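User: Please take a close look at a single part of this model. Which elements surround it, and how does it fit into the rest of the chain?

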Amino acid sequence: MESYYVVKKGRKPGIYKTWLECKAEVNGFKGPIFKKFASFDEANEFYKSEIPFSAGARKFASTSSSSKDGDSIDIRNGGVLGGTLPTQEMDRIRSICANIKSAPFSPDLNYNVSAWNCLNDEIYIFTDGSSKKGGDSGLGIYLGVQCINIKEIYIGKTNNQCELGALDYAFKLIIRYYRELSEMGKVVKIVSDSEYSIKAVSVWLTAWKKNGWKTSSGEPVKNREIIESIDSSMNRIKVINTGLDDARKIRVKLIHVNSHQLPDITDKFKYSIWFGNHVADGLAQNSI
């Protein structure tokens with residue numbers, strides 16, 4: 001399948017057909033902005049637009065290196081040899097991904113909560129959504145190599161609907177396995193590369209509800225049904241916690257990760273975050 005790489009800010013802005021060409025224009029360039037597309041029309045539309053970084057362009061920019069206290073993790077490629085992954089490591093990643101199991105979300109499946117991703121003594125659920133203009137869309141949730149992970153492919157859903165849908169399933173899993181998670185006593189971190197989705201359920205939600213599910217401009221809130229489902233799950237977790245000792249309460253944090261970047265292979269934690277996000281993205285795009 002062909003891919004197109006748009007360099008909005010780099011040595012020579014333009015549309016390139018290979019990552020190697022794109023890399024030559026952005027690697028080592030201060031504050032590059034670039035993005036990958038599956039079709040030329042999408043790439044050309046982005047190249048001609050004035051879309052700021054916050055609306056979707058990817059760049060090598062540090063947001064926060066904190067994994068404990070911050071709400072964002074920087075996985076930039078400062079430690080990547082030559083600006084790309086070594087061939088041996090790429091082969092290892094492909095081998096792991098080839099054995100990852102996935103299926104549509106189901107209350108009848110056992111998601112093996114004891115094998116969920118655990119990094120720095122915290123549990124990580126990686127979520128992602130994907131939507132291709134005029135094509136399929138999907139969501140992916142990566143729980144762990146030894147788990148059945150979640151992949152659903154749709155026709156006609158927007159990227160935001162898929163991103164929110166993945167968050168919705170993550171919260172449903174936390175509620176389903178709250179007893180086991182309570183026994184583990186670990187913070188559960190839900191990772192998403194969608195700033196919109198995270199802000200929708202953690203920043204804007206309260207004001208939307210007070211305003212009768214209208215935005216500050218008086219428009220109906222988009223994707224209300226999915227957001228209400230997530231809100232219901234978050235409230236359910238609060239109710240569950242009222243009956244638990246502090247040490248056993250379910251603690252959930254939403255973490256934003258700037259994805260579609262090469263990882264820092266010199267930092268084990270950052271590399272693990274990159275890999276988890278890479279798998280969730282692959283599931284959402286139906287490439288894993």
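Analyst: Helices (H or I, at least four residues) and strands (E, at least two) are DSSP runs, numbered from the N terminus. Alanine 103 belongs to one of these strands, β5, which covers residues 101-103. Alanine 103 is the starting point here.

A word on the source. The model is predicted, so local features need pLDDT of at least 70 and side-chain atom pairs pLDDT 80 or more, while totals for chains, interfaces and linings use all residues. Residues are numbered from 1 along each chain as its sequence is written, and side-chain values use heavy atoms, without hydrogens or water.

Now the pairing around alanine 103. Two strands pair if DSSP finds at least two bridges between them. β5 pairs with β9, and the two run in the parallel sense over 3 bridges. Within that pairing, alanine 103 faces isoleucine 150 of β9.

Which residues does alanine 103 touch, leaving out those up to four places away in sequence? They are Leu109, Ile148, Asn149, Ile150 and Lys151. Contact here means heavy atoms within 4.5 Å. Isoleucine 150 is thus both a touching residue and the one opposite alanine 103 in β9. There is also a link to glycine 140. That residue is 37 residues away from alanine 103 along the chain, and the C-alpha atoms of the two are 9.6 Å apart.

Follow β9 onward. β9 spans residues 148-155 and joins β8 through 6 bridges, running antiparallel. The connection is a hairpin, with 5 residues between β8 and β9. Isoleucine 150 appears again here. In β8, isoleucine 141 stands across from isoleucine 150. So does a second pair sit along this hairpin? Which residue of β9 stands opposite leucine 139? Glutamate 152 does.

β8 has another antiparallel partner, β7 (residues 122-131), joined to β8 by 6 bridges. There, leucine 139 of β8 faces glycine 129. Leucine 139 therefore has glycine 129 opposite in one pairing and glutamate 152 in the other.

How covered is β8, at residues 136-142? It is mostly covered, with 6 of its 7 residues buried. Buried means under 20% relative accessible area, exposed over 50%, and partly exposed in between (1.4 Å probe, protein chains only).

Step back to the whole. The protein chain holds 9 helices and 11 strands. It has 288 residues, and 49% of them count as buried. Among contacts between residues at least 6 apart in sequence, 69% join residues at least 24 apart.

A second sheet lies early in the sequence. It is open, has 3 strands in the order β2-β1-β3, and pairs them antiparallel. β2 (14-16) and β3 (33-37) stand at the edges with a single partner strand each, so one side of each lacks a neighbour in the sheet. β1 (residues 4-9) connects to β3 by 5 bridges. One pair on show is tyrosine 5, which stands opposite lysine 36 in β3.

Serine 3 sits in the segment before β1. Serine 3 is buried, at a relative accessible area of 14%. Beyond residues up to four places away in sequence, serine 3 touches Tyr16, Lys17, Lys36 and Phe37.

Two helices round off the tour. Take α8, residues 224-242, first. The expected span of a helix is 1.5 Å times one less than its number of residues. With 19 residues, α8 should span 27 Å, and its end C-alpha atoms are indeed 27 Å apart. Its buried residues are Ile226, Ile227, Ile230, Asp231, Ser233, Met234, Ile237, Ile240 and Asn241. What covers them includes the helices α4 (159-176), α5 (178-184), α6 (195-202) and α7 (205-210), along with the strand β11 (252-257).

Then comes α9, residues 268-284. Its 17 residues reach 24 Å from the first C-alpha to the last, close to the 24 Å expected. In α9, 14 of the 17 residues are buried, so the helix is largely enclosed by the rest of the structure. After α9 comes asparagine 286, whose phi is positive, near 60°.

To return to the part in question: alanine 103 faces isoleucine 150 in β9, and isoleucine 150 also has isoleucine 141 opposite.
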